[in-house]
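This report introduces one protein structure to a reader who has not met it before. Please keep the sequence and the model in view while reading.

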Amino acid sequence: MWRRPWGFRCHLLCSGYLVAFGLILHDLPEGLAMANSYIASPSMGILVAVAVALHNLPEELAMAAPLVADRARRFLFLAAALSGLAEPAGGLLGLAAVHFYPQLNALFLAFAAGAMVLVSVHELLPMARRYGHPRLFTTGAVASARTCATSSAR
């Protein structure tokens, strides 16, 4: 049976751990966004929950790919469980805090939005530059902002 060199295996594991840890930290503000947008407006909360669910599909695949390739199934299961629990934990944290301090709702929504922008700019823009497609990133960012502005205009 062919065995991969240790350097390749380490690269896969390191990539998997980094993506898994980043997604777990990234999912907490998503829970805050879902819960607090529901408090602001139930229809907006449902819209945010559907949007988060749709974007979680490729996210979780990005976490799973290097770990499946390395056959790190135990860690994959643990990371998926923690990632799945981070959103409800963020939602419960947001709901509890807003219950006692309603003024925090806007702050939590701003924090969640800022966390998403930071992840996009800090991770996706350098990746787009590395692979030679910064215009695709810019086009996607502009289209996303335009869609948000159009859908939230009343």
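The sections below move from the overall fold to individual helices and residues.

## Overall architecture

The structure is a predicted model. The protein contains five helices and zero strands, and the order of its elements, read from the N terminus, is α-α-α-α-α.

Of the 154 residues in the protein, 28% are buried. The accessible surface amounts to about 10600 Å², and carbon and sulfur atoms contribute 74% of that surface. Among contacts with a separation of 6 or more, 71% join residues that are 24 or more positions apart.

## Helix 1: Asp 27 and Gly 22

Helix 1 covers residues 6-40 and includes Asp 27. Asp 27 is buried but forms no salt bridge. The nearest side chain of opposite charge belongs to Arg 130, at a distance of 20 Å. Leaving aside residues up to four places away in sequence, Asp 27 is in contact with Asn 56, Glu 59, Glu 60, Ser 83, Ala 86 and Glu 87.

Gly 22 also belongs to helix 1. With a relative accessible area of 33%, Gly 22 is partly exposed, because the partly exposed class lies between the limits of 20% and 50%.

## Helix 2 and a nonpolar surface patch

On the surface, Tyr 38, Ile 46, Val 50, Leu 54 and Leu 57 make a nonpolar patch of about 530 Å². Helix 2, which spans residues 42-69, supplies the largest share of this patch, namely four residues.

Leu 54, one of the patch residues, is located in helix 2. The relative accessible area of Leu 54 is 57%, so this residue is classed as exposed. In general, an α-helix has 3.6 residues a turn, so residues three or four places apart point the same way.

## Helix 3: length and buried residues

Helix 3 consists of 28 residues, 73-100. At 1.5 Å a residue, helix 3 should span 40 Å, and because its end C-alpha atoms lie 41 Å apart, the expected and modelled spans agree.

The buried residues of helix 3 are Leu 76, Ala 79, Ser 83, Ala 86, Glu 87, Gly 90, Gly 91, Gly 94, Ala 97 and Val 98. Of these, Ser 83, Ala 86 and Glu 87 are among the residues that touch Asp 27, and Val 98 is one of those that touch Asn 105.

## Helix 4: Asn 105 and Val 119

Helix 4 runs over residues 104-130 and holds Asn 105. The relative accessibility of Asn 105 is 11%, so this residue counts as buried. When residues up to four places away in sequence are set aside, Asn 105 touches Asn 36, Ile 39, Ala 40 and Val 98.

Val 119 is likewise part of helix 4. Its relative accessibility is 34%, so Val 119 is classed as partly exposed. Beyond residues up to four places away in sequence, Val 119 makes contact with His 26 and Leu 124.

## A pair that is distant in sequence

How far apart in space are the C-alpha atoms of Gly 22 and Val 119? The two C-alpha atoms are 9.0 Å apart, while the residues are separated by 97 residues in sequence. Gly 22 belongs to helix 1 and Val 119 to helix 4; Gly 22 is partly exposed, and Val 119 is partly exposed as well.

Note on methods
Residues are numbered from 1 along each chain as its sequence is written. This is a predicted model: local features need pLDDT of at least 70, side-chain atom pairs count only at pLDDT 80 or more; totals for chains, interfaces and linings use all residues. Side-chain values use heavy atoms; hydrogens and water are left out. Patches are made of residues with over 30% relative accessible area and no salt bridge: like charges are joined within 9 Å, nonpolar side chains (Val, Leu, Ile, Met, Phe, Trp, Tyr) within 5 Å. Accessible areas come from the Shrake-Rupley method with a 1.4 Å probe; for residues, only the protein chains shown count as cover. A salt bridge is a side-chain nitrogen of Lys or Arg within 4 Å of a carboxyl oxygen of Asp or Glu. Helices (H or I, at least four residues) and strands (E, at least two) are DSSP runs, numbered from the N terminus. Buried means under 20% relative accessible area, exposed over 50%, partly exposed in between (1.4 Å probe, protein chains only). Contact means heavy atoms within 4.5 Å. Lys and Arg count as positive and Asp and Glu as negative; His and the chain ends are not counted. The expected span of a helix is 1.5 Å times one less than its number of residues.
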